Amino acid sequence: MNEALEGFVPYPAQIAQEYRRGGYWKGKTLNEHLENWVARFADRIAIVAGRQRISYRDLGMQVANAATHLAALGIRRGDRVVMQLNNIPEFIYVTFGLMRIGALPIMALPAHRDTEIRYLLEFSGAVAYAAPLEFRGFNYLDMVRRIAPDAPRLKHLLIAGENLPQDANAHSIGAMLRQPNPAGEALVSERSPSSSDVAFFLLSGGTTGLPKLIPRTHDDYEYNFDAAAEVSGLTENTVYLIALPISHNFPLGSPGVMGVFSRGARVVLTPSPSPETAFPVVESERVTMTAHVPAVTIQWLSSPLRDKYNLSWLQLLQVGGSRLSAEVAARVKPLLGATVQQVYGMAEGLLNFTHIDDPDEVLFNTQGRPLSPADEIRIVDWSGNPAAPGAPGELLTRGPYTIRGYYKAPEHNAKAFTEDGFYRTGDVVRLTESGNLSVEGRVKDLINRGGEKISAEEVENLILRHPSVLNVAIVAMPDPVMGEKVCAYVIAREQAVLSLEELRQFMDAAGISKFKLPERLELVERFPLTTVGKISKKDLREDIAAKLRAEGK
Ligand code: AMP
Ligand code: DBH
């Protein structure tokens, strides 16, 4: 089918063969792997969601049932389906059900709204859309009905929730799963995909522009979560809390829910990573491991609820998505009792991990090293030549689970990939002496102050050392003379007062070039976040530009 899925850039045949020979690609679809896990771990609990406890056997049955219903609706191999289900078991049933018949879930996030979902439906030509009826006070059925006129191929709405309003095209996922559908059974096996086919699409979480579609194959993704499970020491006794949105690559497959299933371990679903929601579940379900973005780690560390719950079950805290400061990393073990594991990953593929037995120096100060011996990395300078050893440069990568192109994006692909198939990450990294990567910033997360380039991360790391500062984000603010200047958005610690002058003196005393000092301080209570919970610098830049305009500057 690869050839038939127009707009997919396959791995070159010879390289694919090497990945197979090397044992990275096992030649089985994700559903074949699932059947294997269901048979091996039948009576073990796979999923906990509120009061529901679902065994591997039940998981297998729900997925088989979902596949027959989806096939009977007329969903076929190669059809695209926009998935916006939140952290509920139905996400897992529908995802595996769709993959079983070769249909391709597109992993949207619950935070996406009309603009993104309209674009995804239209761009992909999706025939179906899956979402909860309501989540966090937002009605997804109303939204998709607003959009439907712009998505002519959209036929089926798969909705999780009871008492759906009457709608000929809206199907209750719950009602579907409560009964078998013999009419679909014969269709299921006809539609089986093969392991080199695309299994689903992840979205690039770029903080600018609309998301791009990232096609992941059965072969490459299985290797991705299997190897990630290994490096995070996952065993059948792991209890893994899914606190981030489940459709994101980190909790989905790094090792995430799929890695957990591959070991016969247990996932616990929660609707939110907030201490109020997550801490009681960590205690009652004896959660041993979870995945965070740094903002969530900071929230957990500073929560007064920490003393109210027994969090001592936690052994491993994976943190990734944006740069974790060394100061915060160092507080994880003393305050939460868990080892911190930095994960520097991307939905496009390459994953880097610190290893559990690394010295603190590596655990706190680096973002780890590539997961696979077959990952190839290059660090290049502005002209594309190899950077001097230890010097920062853009990271390029290629390997057995890194895509060769975004879906249906030939023009962008020509820029985002080298001719020999390396993905240009856009990240500025440095290879440390210990052989780990340190993420220094984005190629574009630089503030250009009259020609002086300022790394936002560098300034942020210094500001984080100030005792009054809980969290900080540095963005460029427009300036008629310099082009851009540094603006610091700061969340202060409780009751702390901080002035721009005081902050500048502190930084100056620490010994940093004057031009890097912030020229404006905005104290805020929280940061605007992207759909997966990263600080949205795009929103902050817009905020400061609007403020300056309002002030007539
Ligand atoms: P996405 O497009 O959402 O898959 O985001 C991937 C990008 O997030 C990477 O290219 C990095 O810029 C950033 N990122 C992910 N993990 C880390 C990390 N541990 N430290 C710093 N940046 C990270
Ligand atoms: O930011 C990311 O996209 C990311 C971070 C950590 C990711 O995709 C992952 C781990 O798998």
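## A nine-strand sheet and two ligands

In this predicted model, nine strands form an open sheet in the order 2-1-13-12-14-15-16-17-18, with mixed pairing. Two strands count as paired if DSSP finds at least two bridges between them. Helices (H or I, at least four residues) and strands (E, at least two) are DSSP runs, numbered from the N terminus. The edges of the sheet are strand 2 (52-55) and strand 18 (369-370), each of which pairs on one side only. Strands of a sheet pair through backbone hydrogen bonds, either parallel or antiparallel.

Residues are numbered from 1 along each chain as its sequence is written, chains are lettered from A and ligands numbered from 1 in the order in which they are written. Local features need pLDDT of at least 70, side-chain atom pairs count only at pLDDT 80 or more, totals for chains, interfaces and linings use all residues, and side-chain values use heavy atoms, with hydrogens and water left out.

At one edge, strand 1 (residues 45-49) and strand 2 run antiparallel and are joined by four bridges. V48 has R53 in strand 2 as its bridge partner. The hairpin made by strand 1 and strand 2 has two residues between the strands, and G50 there takes a positive phi near 60°. At the other edge, strand 17 (residues 349-353) pairs with strand 18 in the antiparallel sense over two bridges. F353 stands opposite R369 of strand 18.

Two helices lie across strands of the sheet, in contact with them (heavy atoms within 4.5 Å). Helix 13 (residues 294-302) lies across strand 12 (239-242), strand 14 (289-292) and strand 15 (316-320), and runs at about 120° to strand 14. Helix 14 (residues 326-336) lies across strand 15 and strand 16, at about 135° to strand 16. For these angles, axes are lines fitted to C-alpha atoms, for helices over the stretch in contact, and angles run from 0 to 180 degrees between N-to-C directions.

Strand 16 also leads to the ligands. Ligand 1 is surrounded by 16 residues, the closest being G321, V343, A347, D427 and K534; a residue belongs to such a shell if one of its heavy atoms lies within 4 Å of the molecule. Nitrogen of ligand 1 is found 3.0 Å from a polar backbone atom of G321, and 2.8 Å from one of V343. For G345 the corresponding distance is 3.5 Å. Taken alone, ligand 1 exposes 500 Å², of which the protein buries 90%; accessible areas come from the Shrake-Rupley method with a 1.4 Å probe. Strand 16 (339-346) and strand 22 (437-442) are the elements giving two or more residues to this shell, and strand 16 gives the most, with four.

Around ligand 2 stand H248, N249, F250, S254, G321, V343, G345, M346, A347, L351 and K534. An oxygen atom of ligand 2 lies 2.9 Å from an N or O atom in the side chain of N249, and one lies 2.7 Å from such an atom of S254. A polar backbone atom of A347 is 3.4 Å from an oxygen atom of ligand 2. Ligand 2 taken alone exposes 280 Å², and the protein buries 95% of that. Helix 10 (249-253) and strand 16 are the elements that give two or more residues here; strand 16 gives the most, with three.

Key:
Polar contact = N/O pair within 3.5 Å; in protein donor to acceptor, adjacent residues only side chain to side chain.
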